[in-house]
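Got the viewer open and a selection tool at hand? Let's take a short walk, one stop at a time.

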Amino acid sequence: MEMLSGAEMVVRALQDEGVEYIFGYPGGAVLHIYDALFQQDKVNHILVRHEQAATHAADGYARSTGKPGVVLVTSGPGATNAITGIATAFMDSIPMVVLSGQVRSDWIGDDAFQETDMIGLSRPIVKHSFMVRDPSEIPEMVKKAFYIASTGRPGPVLIDIPKDHTAPNKTFPYEYPKKVKMRSYMPVSRGHSGQIRKAVDELLKAKRPVIYSGGGVVQGDASEALTAVARKLNYPVTNTLMGLGAYPGTDKQFLGMLGMHGTYEANMSMHNADVILAAGARLDDRVTNDAKKFCPGAKIIHIDIDPASISKNVTAHIPIVGPVKQVLEEMLTMIDEHDSGPDHKSVERWWQEIDGWRQVHGLRYEVNENGPMKPQQVVQALYKATNGEAFVTSDVGQHQMFAAQYYLYDRPRQWINSGGLGTMGFGLPAAMGVQFAYPDGVVACVTGEGSIQMNIQELSTCLQYGLPIKIININNQALGMVRQWQDMQYGGRHSQSYMESLPDFVKLAESYGHVGMLVEKFEDLQPAMDEAFALKDRLVFMDIYVDSTEHVYPMHIADGAMRDMWLSKTERT
Amino acid sequence: MRRIISILMENEPGALSRVVGLFSQRGYNIETLTVAPTEDDTLSRLTMTTTGDDKKIEQITKHLNKLIEVVKLVDLTEGAHIEREIMLMKVKATGAQRAEVKRTVDIFRGQIVDVTSTVYTVQLTGTTDKLEAFINAVGEAQVLEVVRSGVSGISRGEKVLSL
């Protein structure tokens, strides 16, 4: 059998796992691993400028491809810098494998230089973690890490590797296991057919149904199955922030996003529904508003791979634990074979009601004829410039909500944002990961002047690897979402929510070797956008000044039901 | 409601901290906790008592089951079961009190396992209620030190928690 050092085993195991890219930053505890990486060319290491960006880039890669993202960081500050990105991936159930260096094993616990208890620090934000105790464990540990990260409800898995276990002078027999079996980890492979049948019976009896789908449909590659079920039944579909793209955004059965900033028609349909099919969604607080007032007349069918998500916030009447794709496919077969079959007429009146809601209060905003541009106009110009086909990553805040509302996503994995943790600084590094996965793809990062400055240093990484990302900086000179809440709930006292001393982003982009553009007038917006996207091999940073007083609407009225919304600064339901 | 949850988990470093961490992370309460290897040394058996309504207990068991190292678990309070706790206690034993403590220990079927001229060390096994009743009977003023093992439990009859 081949004899390899611990470091060589780590790298070889990544090769055998088919890893294309590993995002990382070197340091003392991982030098042996970096040396092993240097001596091969199958796994491409991407050098970021901050470890948080490494995790977000790996995350963007994972979200856009479905394959686990891989991260390599050193001990101590390298590991702690990775924490935010690991938590981001954990909250959105993204498959990720993080390798962190650790001080040599005989120094653990001695407060050695760059020592931190990474297993302990990361425990609440990983699906699982391993500490290498003997180098011979490495191949099986890596195999298990990828297996756990990418099966069941996906999530990040950490391997902490003390430096002495990667030393080049000690070698061990290497064999990469073809399969792993763990008696304590057996993800469910099928939903219960009896439950699925009950759900189908209920769905076919519905008069006011809504299909509500979430990130699980995207992550579980169940978008086709969902679309087939929805079309067969002619039922309306709404997606969560994480689920956008799982059902085509331009389809007439699509109601838009639901929840805190969901459309009027989506939230009204949910509130008045008699049957809700929740697929790969977790009924979280940004969707339900007050869970006690949630959809009072609805029977809830809930499909989720994670039993702990079911009946956590809202009790499910028909719970189905299983992979959402398999469950929806089985549903489709049962609908075909069902005695009563789908009857599109039975929901005609429901559709009339929904169309009424659409007409009264569809997504809209007021345009200033001579005043500053509206952020919504920027997203619409982006949609036009990219024919609705770009990968769009976003940061967190108002721009994120506008990008979710006004860009219509027709395919899964096209919209990439930090939904659960809400991590500012996610957008640019995530866009890097997407661009590595799709070198010829059009990738736009919709951001704001607050968020972009949280990982601005990655402009340097983008130059090094020639990543032609288009950064759409919706610059309202304020922390917009914070300001909106302060306007609505704190008497307009803008405590620390303004941005003074903004850099000249055009010069900043240029100094990093990229193209910068400043847009201040609406008439320049579309031409500038078209020009930026015509520069196919350059990163373009578009600094676009917009109205700082704009709010995101609709917005749930706190502690109300789904139907309780502000529709503008002066109108409410 | 008080529940006794019994868990079989991989006997690996870090496994216990994941269980304990889960409770603090999700705001659940641990009242007692006991853990030791089983006849199969790759497995540990952990017993904990906690309180909560049905919904909370359901979430606790679901989240425990999600931990990779947890192999199996059972809520013993769902069926007939036996629970035991062991207590060691130092009690003042001087004057008239000396004979009184001895009588109380006999009534509760405990044993005096160590003696000095002023102190008895008592060993007592039973349910949590029984141990508390004993402390009350002796009188808190007489008690010098108490150490309790926490609850261990097993189901009655032929039902077995094993692989």
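Start by selecting residues 5–118 of chain A, whose end C-alpha atoms lie 23 Å apart. Keep in mind as you look around that this is a predicted model. The span you have picked is 44% helix and 18% strand. It also has a label: the unreviewed UniProt entry annotates residues 5–118 of chain A as "domain: Thiamine pyrophosphate enzyme N-terminal TPP-binding".

Next, zoom in on A:Glu115. You'll find A:Glu115 in the loop that runs between β5 (96–102) and α5 (118–122) of chain A. Is A:Glu115 buried or exposed? It falls in between: A:Glu115 counts as partly exposed because 18 other C-beta atoms lie within 10 Å, and a buried residue would need 20 or more.

Now show what surrounds this spot. Leaving aside residues up to four places away in sequence, A:Glu115 touches A:Ser75, A:Gly76, A:Val103 and A:Trp107. For a long view, draw a distance from A:Glu115 to A:Phe522: their C-alpha atoms are separated by 53 Å, and the two sit 407 residues apart along the chain.

Time to cross over to the other chain. Where chains A and B meet, chain A puts in 11 residues and chain B puts in 15 residues. Colour the chain A side by class and you should get 6 nonpolar, 2 polar and 3 charged residues.

Hide chain A for a moment and look at chain B by itself. Its C-alpha trace spans about 55 × 35 × 30 Å along the principal axes. Switch to cartoon view and trace 4 helices and 9 strands in chain B. Starting at the N terminus, the order of elements in chain B is β-α-β-β-α-β-β-α-β-β-α-β-β. Of the 163 residues in chain B, 27% are buried. As for contacts in chain B with a separation of 6 or more, 74% of them link residues 24 or more positions apart.

For the last stop, give two colours to chain B: one for domain 1 (2–79), another for domain 2 (82–152). The C-alpha centres of these two domains of chain B lie 29 Å apart. How many residues do the domains of chain B use to touch each other? Domain 1 of chain B brings 6 residues and domain 2 brings 5. On the domain 1 side, the elements giving two or more residues are β2 (32–37) and β3 (43–51) of chain B, with β2(B) supplying the largest share, 3 residues. By class, that same side of domain 1 of chain B has 2 nonpolar, 4 polar and no charged residues.

Technical notes. Residues numbered from 1 in each chain as written. Chains lettered and ligands numbered in written order. Predicted model: local features only at pLDDT ≥ 70, side-chain atom pairs only at ≥ 80, totals over all residues. UniProt positions renumbered as here; feature names shortened; annotations may be inferred. Buried ≥ 20, exposed ≤ 12 C-beta atoms within 10 Å, placed from the backbone. Contact = placed C-beta atoms within 7 Å. Nonpolar A, V, L, I, M, F, W, Y, C, P; charged D, E, K, R; others polar. Domains from an automatic or database assignment.
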